[in-house]
Amino acid sequence: MNRLLGGAALAALCVSSVVGGSVAADHLRDLQTAAIKEHRAAWGHWGANPDRYNGWFSHSNRLIPIYSFGMTLDEVKGEQSLYRDAKRLEALYGRLPEDTLNPAAEYFDQTDVYRLQKMAAEAGKKYIVLMVFDGMDWQTTQAAAIEAAGKVAYQEGRGTGLAFQDYRGTTTDFGYFVTSPHNEGTSVDVSQQTIANPGGKVPGGYDFKRAGSAPWELPTDRAYPISASREQRQAYTDSAASATSLTSGIKTYNDSINVDHLGRQVTPISRELQEQGYAIGVVTSVPISHATPGSAYANNVNRSDYQDITRDLVGLPSVSHPSKPLRGVDVLIGTGAGEAKESDSGQGDNFAPGRRHISDADLAAIDIAKGGKYRVAERTAGKNGRELLLEAANEAAAKNERLFGLFGHFPGFGDSHLPFATADGKYDPTSGLRGSETYTEADIAENPTLADMTEAALAVLEKNPKGFWLMVEAGEVDWANHDNNLDNSIGAVKSGAAAFEKIVEWVEKHDAWKDAAVFVTADHGHYLFLTQPEALLDPTPTAAK
């Protein structure tokens, strides 16, 4: 340990958890605490500067891993990659992005994930699941796998140690793709649902010579993946444009929710399948109307128009669909509890003061107890969150009702989300860029986990004989990475892996792999570098813990 950390950092390693009067070591928590205090760590860093641990807080243009189950990726990767074909690239971006054509590309594009879901449906798959670990690039996955496996088992490729890396109960495959958007810098009018400058300010593209041909390769120009290169500036994506690519198969501008770069609405895969009789479910560990769950179903020129995005999700008139509302999803479970605002300029002229993600009037309108279509389960003081949600799910399933779940912890300096279970499974986050969160016993007990939410959604969706499409988002991976908090990030990945296990458990219980396709991926990357991966391993002998 002395070889890895300086003197002041070693002092910070005294941080520990006190359990039952005894001191319990928490290696990842200690590493994170020391790194934030010292602003550096010999074992890794966030951002392009190796001398500063907490040096970057946004996304990057890294290649993103994907794991498929129930079908392969053969139709889109390798020789089938559109990045080998100038005409297909031009059709995708509306132009041929500079230095983006790669005749040897093994990677494919984020929009191909939409194509894969279409192929699954066309092949007769009844159960299609898109699991999005928001912000989980290859490096984030490797860090979590090292902690989970207790060893540095790989330096490239699919990897091992996490449930979605190791599962072999059906046909499975691994690949990686480009996430660059159409552009960054498009201006919009939320109230009018129009855009002002098609094409934006910074065009998208992927220069593999600068960023790498595989996600585990180090970039030759570290400034390029964060749009800071002096020689080649190409946009990196946000969660809205990336989720739109995953669900609608187009390149678009950052902040778009299923609206193309010219301002035209597009139809996501969920609504295509809904017209074919599939039930639709959306589950997230972050607010119900954030970019990824919003892009699963809604249309909006801007991701911040939360109440209108929720209106689309639950089938109410919205600014995007005022006279003919969408049908709404069958299951919507996420967070947003505790967030309230008197005004919100990002939500346009029709913002209703109060709940930020669903107005009080809209919640009343959908509640089955008040004549609506959804059985509502909200975080309730003194009620166990898992039990409350599963009871509502079972009742909704028995009565052929829809299910709406609203939970979460609101820390005061960020949006509502499920409490972070850290790398060791405890709920005791340490410092990131914004400080550290603390939870009461009620915060833990009154909220379900993402795995619980997934289980509840499946209990309702399985009642539809024609099958279902389900999105599950492990959204707090992204939030931990934005916060440069590796302990929280690893814990969030493991929480998502537990939700994946619920999906696999359901498929196996129903002997349904012949009818199922599951895709596990991320919407974009961050900028973590692990220079000494072995430092994440706990040096404490097992018997001494």
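**Figure 1. Helix H15 is largely enclosed by the rest of the structure, because eleven of its twelve residues are buried.** Welcome to the first close-up of this predicted model. Helix H15 covers residues 450-461 and reaches 16 Å from its first C-alpha to its last, close to the 16 Å expected at 1.5 Å a residue. If you would like to find the buried positions yourself, look for Leu450, Ala451, Asp452, Met453 and Thr454, followed by Ala456, Ala457, Leu458, Ala459, Val460 and Leu461.

**Figure 2. Strands and helices cover the buried residues of H15.** Among the strands in this cover are S12 (279-287), S13 (331-335), S17 (402-407) and S18 (468-473). Helices take part as well, including H13 (385-398) and H17 (486-509). The next two views take these helices in turn.

**Figure 3. H15 packs against H17 at an angle of about 25°, with their axes 7 Å apart.** An angle under 35 degrees counts as roughly parallel, so H15 is roughly parallel to H17. The crossing of H15 with H17 is right-handed. On the H15 side, the contact is made by Leu450, Ala451, Thr454, Glu455 and Leu458. Facing them from H17 are Gly496, Ala498, Ala499, Lys502, Ile503 and Trp506. Sorted by class, this contact holds seven nonpolar, two polar and two charged residues. A handy reminder while you look along a helix: an α-helix has 3.6 residues a turn, so residues three or four places apart point the same way.

**Figure 4. H13 and H15 cross at roughly 10°, and their axes come within 8 Å.** That angle makes H13 roughly parallel to H15. From H13, the residues to look for are Arg386, Leu389, Leu390, Ala393, Asn394, Ala396 and Ala397. They meet Asp452, Met453, Glu455, Ala456, Ala459 and Val460 of H15. By class, the contact of H13 with H15 is made up of nine nonpolar, one polar and three charged residues. Glu455 of H15 appears here and also in the contact with H17.

**Figure 5. Val113 is a buried residue of the predicted model, with a relative accessible area of 0%.** Now we move to another helix. Val113 lies in H4, which runs over residues 111-122. Which residues does Val113 touch, not counting those up to four places away in sequence? They are Ile66, Leu130, Phe177 and Leu246. To help you place this view, Val113 and Asn400 are 31 Å apart in space, C-alpha to C-alpha, and 287 residues apart in sequence.

Conventions
Residues are numbered from 1 along each chain as its sequence is written. This is a predicted model: local features need pLDDT of at least 70, side-chain atom pairs count only at pLDDT 80 or more; totals for chains, interfaces and linings use all residues. Side-chain values use heavy atoms; hydrogens and water are left out. Helices (H or I, at least four residues) and strands (E, at least two) are DSSP runs, numbered from the N terminus. The expected span of a helix is 1.5 Å times one less than its number of residues. Buried means under 20% relative accessible area, exposed over 50%, partly exposed in between (1.4 Å probe, protein chains only). Contact means heavy atoms within 4.5 Å. Axes are lines fitted to C-alpha atoms, for helices over the stretch in contact, and angles run from 0 to 180 degrees between N-to-C directions. Angles under 35 degrees count as roughly parallel, over 145 as roughly antiparallel, 65 to 115 as roughly perpendicular and the rest as oblique. A crossing is left-handed if the near helix is turned anticlockwise from the far one by less than a right angle, and right-handed if clockwise. Ala, Val, Leu, Ile, Met, Phe, Trp, Tyr, Cys and Pro count as nonpolar, Asp, Glu, Lys and Arg as charged, and the others, Gly among them, as polar.
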